[in-house]
Amino acid sequence: GGGGGGEREEGIAATGAPSELSPSSGTRRSPLLDDPEMQSGKHKKVMTICAYRFSVLEYATPSQIKRNVNEQFRDRFPHIQLTLSKLRSIKKSMAKIGAKFRLDLVVVALSYVYFETFVSKGKVNKVNRKISAGCCVLLAAKMSDAKRSDLRALMDCIADVLHISHR
């Protein structure tokens, strides 16, 4: 809208969280899929006393925590065909590709955005997740003006890290 210093950034709710619809354009924005707060499932209690925040973690086996976090993720995003642990695993592999190929961090971040966009639209599942992630890394590298010869080597690196063939 108009001028005033009380305006908030477009698409950001008063709480600081991204809104689903941008107020001016009506375009959908993806919610944060890989929420870093979603790490300990039901086993974490957070208490705030005065200006201090405490976390108390009940003992749980790693498999219980993984199962609970994946359940929370499935409840939050029922249309997504991947578990949070698979999403995090594939993003870790994408970062490994970036480190191994010495990609700029911006390229890796852009590949995450592309991948999470496809995931949030329900286009990625357990079967096509690796090839989708590889395509996102390749697309992000291409958008950063990578040379054609570099792209061939990057494809080899992607195939190696993700254990896929590039026929």
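A salt bridge is taken here as a side-chain nitrogen of Lys or Arg within 4 Å of a carboxyl oxygen of Asp or Glu. By this criterion, a search of the whole structure, which is a predicted model, returns 4 salt bridges. The protein contains 5 helices and 2 strands, arranged along the sequence as β-β-α-α-α-α-α. Of its 167 residues, 30% count as buried.

Several of the ionic contacts centre on D34 and K91. R88 and D34 form a salt bridge in which the closest N and O atoms are 2.7 Å apart. Because R88 belongs to helix α2 and D34 to the segment before β1, this pair ties together parts that are 54 residues apart in sequence. The two partners differ in their accessibility class: R88 is partly exposed, with a relative accessible area of 23%, whereas D34 is buried, at 17%. D34 also forms a salt bridge with K91, with 3.3 Å between the closest N and O atoms. Since K91 lies in helix α2 and D34 in the segment before β1, the contact ties together parts that are 57 residues apart in sequence.

K91 in turn pairs with E116, the closest N and O atoms being 2.7 Å apart. E116 is located in helix α3 and K91 in helix α2, so this salt bridge ties together parts separated by 25 residues in sequence. Both partners are buried, E116 having a relative accessible area of 14% and K91 one of 11%. Through shared partners, the salt bridges join D34, R88, K91 and E116 into one network. K91 has a further contact with an aromatic residue, as it lies over the face of Y112, at 4.9 Å from the ring centre.

The nonpolar interior was examined next. In soluble globular proteins, nonpolar side chains tend to be buried together. The largest nonpolar core in this model has 29 residues, and F73, I97, F115, V119 and L154 are those with the most contacts inside it. Two or more residues each are contributed by α1 (62–76), α2 (84–101), α3 (105–120), α4 (129–143) and α5 (148–162). Among these helices, α5 gives the most to the core, with 6 residues. L151 is found in helix α5 and counts as buried at 11% relative accessibility. Its C-alpha atom is separated by 7.2 Å from that of L138, a residue 13 positions away along the chain.

The search for aromatic pairs in the whole structure gave 1 pair. It is formed by F73 and F77, whose ring centres are 5.2 Å apart and whose planes meet at 50°, so the pair is classed as tilted. Both rings belong to buried residues: F73 has a relative accessible area of 1%, and F77 has a relative accessibility of 4%.

Nonpolar side chains also occur at the surface. M47, I49, Y52, F54 and V56 make a nonpolar surface patch of about 500 Å². The elements giving two or more residues to this patch are β1 (44–49) and β2 (52–57), with the largest share, 3 residues, coming from β2. V56, which lies in strand β2, is partly exposed, with a relative accessible area of 39%.

Terms used:
Residues numbered from 1 in each chain as written. Predicted model: local features only at pLDDT ≥ 70, side-chain atom pairs only at ≥ 80, totals over all residues. Heavy atoms only, no water. Phe/Tyr/Trp six-rings, centres within 6.5 Å; stacked < 30°, edge-to-face > 60°. Buried < 20%, exposed > 50% of the residue type's maximum accessible area, 1.4 Å probe, protein only. Lys NZ or Arg CZ within 6 Å of the ring centre and 35° of its normal. Patch = residues over 30% accessible without salt bridge, like charges linked within 9 Å, V, L, I, M, F, W, Y side chains within 5 Å. Areas by Shrake-Rupley, 256 points an atom, 1.4 Å probe, with all protein chains shown as cover. Helix = DSSP H or I, 4+ residues; strand = E, 2+ residues; numbered from the N terminus. Core = buried A, V, L, I, M, F, W, Y, C linked by side-chain atoms within 4.5 Å.
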